[in-house]
Amino acid sequence: TTTALPSSQPAWPQIHLFDVDVPNGPVLMESRTTAPGDKLVVCPGPGGLQLGLTTCYDLRFPELYQRLTWELGAQLIAVPSAFTKITGAAHWEVLLRARAIECQAYVVAAAQAGRHNEKRESWGHAMIVDPWGEVIGRLDDPLATGHWLIIMCKPPYLWLCPGP
């Protein structure tokens with residue numbers, strides 16, 4: 001189902017769940033505790049841009065991003081994630097840049113970072129990618145948490161300032 005929901009309706013459906021047994025790494029089974037979403041969500045975002053909502057493993061499915069942008073009009077896509085250290089090192093940045101280029105949209109990728117427990121470590125490397133695939137914002141420390149102040153104007157341009 002494809003739906004554009006108003007921002008007043010809380011929804012952040014993760015469409016694709018991450019179930020994996022990483023060789024010499026953790027076994028992660030989101031399906032044990034989470035039900036997959038069944039709706040694509042676009043809502044008003046900063047600067048009047050349409051914001052597409054995705055979560056983590058959804059990043060590996062380009063057709064989801066294409067539908068958010070081409071069918072529902074998303075211009076900015078949020079990707080909060082907790083990629084594992086192994087998959088993050090191999091795929092995180094290249095997938096973010098690919099989704100931005102393919103869809104000609106900004107991609108804002110928040111990322112959990114560091115060791116959660118003895119079996120799980122997240123890659124981090126939060127970043128913002130522009131529609132040309134250029135990384136236009138990244139935290140100096142890949143394991144740091146923080147935020148950017150995103151200032152939008154039209155035609156969609158994006159400026160970043162370090163947040164407080």
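**Exercise 1. Identify which residues line the largest cavity of this predicted model, and state how they divide by character.**

Solution. Step 1: the lining of the largest cavity consists of Phe18, Cys56, Tyr57, Arg60, Ala82, Phe83, Thr84 and Thr87. Step 2: sorted by character, this lining comprises 5 nonpolar, 2 polar and 1 charged. Step 3: the space in the largest cavity amounts to about 50 Å³. The structure holds 2 cavities of 30 Å³ or more.

**Exercise 2. Describe the largest pocket by its volume, its lining and the residues nearest its centre.**

Solution. Step 1: the volume of the largest pocket is about 260 Å³. Step 2: 14 residues line this pocket, and those nearest its centre are Glu30, Cys56, Ala82, Gln112 and Arg120. Step 3: the lining of the largest pocket separates into 8 nonpolar, 4 polar and 2 charged residues. Step 4: Cys56 and Ala82, named for the pocket, also appear in the lining of the largest cavity.

**Exercise 3. Determine which elements build the largest nonpolar core, and which residues Leu59 touches.**

Solution. Step 1: the largest nonpolar core has 25 residues, and Leu59, Tyr65, Val79, Phe83, Trp92 and Leu96 have the most contacts inside it. Step 2: two or more residues of this core come from each of helix 1 (62-71), helix 2 (85-103), strand 6 (106-109) and strand 9 (127-129). Step 3: helix 2 supplies the largest share, 5 residues. Step 4: with neighbours within four places in sequence left aside, Leu59 contacts Tyr65, Val79, Phe83, Trp92, Leu95, Leu96 and Arg99. In soluble globular proteins, nonpolar side chains tend to be buried together.

**Exercise 4. Locate Ile128 and decide whether it is buried or exposed.**

Solution. Step 1: Ile128 belongs to strand 9. Step 2: the relative accessible area of Ile128 is 0%; burial requires a value under 20%, and Ile128 is therefore buried. Step 3: a second, separate core of 9 residues includes Ile128, together with Cys43, Leu76 and Tyr106 among others. Step 4: Ile77 is 51 residues from Ile128 in sequence, while their C-alpha atoms lie 9.9 Å apart in space.

**Exercise 5. Characterise the pairing of strand 3 with strand 4 and the turn between them.**

Solution. Step 1: strand 3 (residues 41-44) pairs with strand 4 (residues 50-53) in the antiparallel sense, over 4 bridges. Step 2: within this pairing, Leu53 of strand 4 is the residue opposite Val41. Step 3: the two strands form a hairpin with 5 residues between them. Step 4: in the turn, Gly47 has a positive phi of about 65 degrees.

How values were computed. Residues numbered from 1 in each chain as written. Predicted model: local features only at pLDDT ≥ 70, side-chain atom pairs only at ≥ 80, totals over all residues. Heavy atoms only, no water. 1 Å grid on protein atoms, 1.4 Å probe; cavity = no way out; pocket = protein on both sides within 12 Å on 5 of 7 lines; lining within 4 Å. Points joined across faces, edges and corners; volume = space filled by probe spheres on them. Nonpolar A, V, L, I, M, F, W, Y, C, P; charged D, E, K, R; others polar. Core = buried A, V, L, I, M, F, W, Y, C linked by side-chain atoms within 4.5 Å. Buried < 20%, exposed > 50% of the residue type's maximum accessible area, 1.4 Å probe, protein only. Contact = heavy atoms within 4.5 Å. Pairing = 2+ DSSP bridges.
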